[in-house]
Amino acid sequence: MDFLAVLNEIDNFIWGPPLLVLLVGTGILLTIRLHLLQIFKLPKALSLIFRAQNAGSGDIDSFKALCTALSATVGTGNIVGVATAIHAGGPGALFWMWMAAFFGMATKYAEGLLAVKYRETDEKGEIAGGPMYYIKNGMGKKYKWLGGLFAFFGVLVAYFGIGTFAQVNSIVDITKMTIGLDPVWTGAILTIFVAAITIGGLQSIAAAASRIVPAMAFIYFLSTIGVLLVFADKVPAAVSMIFESAFTTTAATGGFLGATVMMAMRNGVARGVFSNESGLGSAPIVA
């Protein structure tokens, strides 16, 4: 068995029924406990984007924190992630992405709340928080090893997983296809820009994100509306296909030939987590 086959076996095991139940099940439980917070508190959440009290006790204001959290999800997760989910799991994967996103709102709210509640101030006077801290401070010192384990795997994911590889791969592919730029040059340019921003620490990252993300989100929103208008006649059939494929084996031709309901669910939830980070543990660190 080669290395790729081993990775695929691990991937199939990890993204099997147990993890799907844990991710979506936790979201459903929190949705019930929080009394459908993602619906009844949505108007307040949207209004706070524009009139939040930015002068708080953290290292950066709330708008910059929001932009930093969104910077890794808007493009790669919502565009490349959706295409990958459909290719692997069929149109029905989109339905399960929606489900993961809906219930994931409650999960992400809970993660952010715990991160703020149990955060600490380090020896440099800077705020430090996230799952590793609310595991240690919320669950007790005897679970500190679990927080350390999360931090270890979090670093591995950030450096060798969806934190970098997916984004770089997407950029390299696009630049090569559109302008024929050699991947080596694309990688070198990205490295220089990323280093210039990240070496300055959180303040530099947040400042850059607060300038780039609003423009990125605006372009993304306009592009989405544009695509929907241009292909308006195909939208009803597409929506119908999504709902039909979510609960039946896909018989369509293409990358999703013979996709099963389990494949649609698995890819939808997995890419949903990639898109919104709910349950992943990375967003609470920024929060």
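Is I79 buried, exposed or partly exposed? In this predicted model, I79 is partly exposed, because its relative accessible area of 48% falls short of the exposed class, which begins over 50%. The residue belongs to helix α6. Leaving aside residues up to four places away in sequence, I79 touches V74 and Y220. A long stretch of chain can also be bridged here in space: I79 and S275 are 196 residues apart along the chain, yet their C-alpha atoms are separated by 8.8 Å.

Helix α6 is a good place to turn to confidence. Within the protein chain, α6, which covers residues 74-89, has the lowest confidence, with a mean of 74, whereas α3 has the highest, at 94. For the protein chain, the mean pLDDT is 83, and 91% of the residues reach 70 or more. Residues 251-255 are another matter, as pLDDT stays under 50 over this stretch. For these residues the model has 4 contacts beyond four places in sequence. Where pLDDT is low, predicted coordinates should not be read in detail.

Next come the helix pairs. A pair of packed helices is described by two quantities, the angle between the axes and the distance between them. For α2 and α7, the latter spanning residues 92-117, the axes come within 7 Å and cross at roughly 75°. The two helices are therefore roughly perpendicular to each other, since angles from 65 to 115 degrees are placed in that class. On the α2 side, the contact is made by V24, T26, G27, I28, L30 and T31, and these meet F103, A106, T107 and A110 of α7. Sorted by class, this contact of α2 with α7 has 6 nonpolar and 4 polar residues, and no charged ones.

The second pair joins α10 (residues 165-179) and α11 (residues 183-198), whose axes come within 9 Å and cross at roughly 130°. That angle makes α10 and α11 oblique to each other, because an angle has to be over 145 to count as roughly antiparallel and no higher than 115 to count as roughly perpendicular. The crossing of α10 and α11 is right-handed. From α10, the residues V168, I171, V172, T175 and K176 take part in the contact, while α11 contributes P183, T186 and L190. Here the residues of the contact divide into 5 nonpolar, 2 polar and 1 charged.

The loops hold some details of their own. Between α2 (17-33) and α3 (37-40) runs a loop that includes H35, and L36 lies there as well. What is the sign of phi at H35? It is positive, with phi near 55°, in a residue other than glycine. L36 is not a glycine either, and its phi is also positive, at about 55°. As for accessibility, H35 is exposed, with a relative accessible area of 63%, while L36 is partly exposed, at 33%.

A further loop, the one between α4 (42-51) and α5 (62-70), contains D61. This residue is partly exposed, with a relative accessible area of 21%; the value narrowly misses the buried class, because buried means under 20%. D61 and K117 are 56 residues apart along the chain, and their C-alpha atoms are separated by 17 Å.

Notes. Residues numbered from 1 in each chain as written. Predicted model: local features only at pLDDT ≥ 70, side-chain atom pairs only at ≥ 80, totals over all residues. Heavy atoms only, no water. Helix = DSSP H or I, 4+ residues; strand = E, 2+ residues; numbered from the N terminus. Buried < 20%, exposed > 50% of the residue type's maximum accessible area, 1.4 Å probe, protein only. Axes fitted to C-alpha atoms, helices over the stretch in contact; angles between N-to-C directions. Parallel < 35°, antiparallel > 145°, perpendicular 65-115°, else oblique. Left-handed = near helix turned anticlockwise from the far one by under 90°. Contact = heavy atoms within 4.5 Å. Nonpolar A, V, L, I, M, F, W, Y, C, P; charged D, E, K, R; others polar. pLDDT = per-residue confidence, 0-100.
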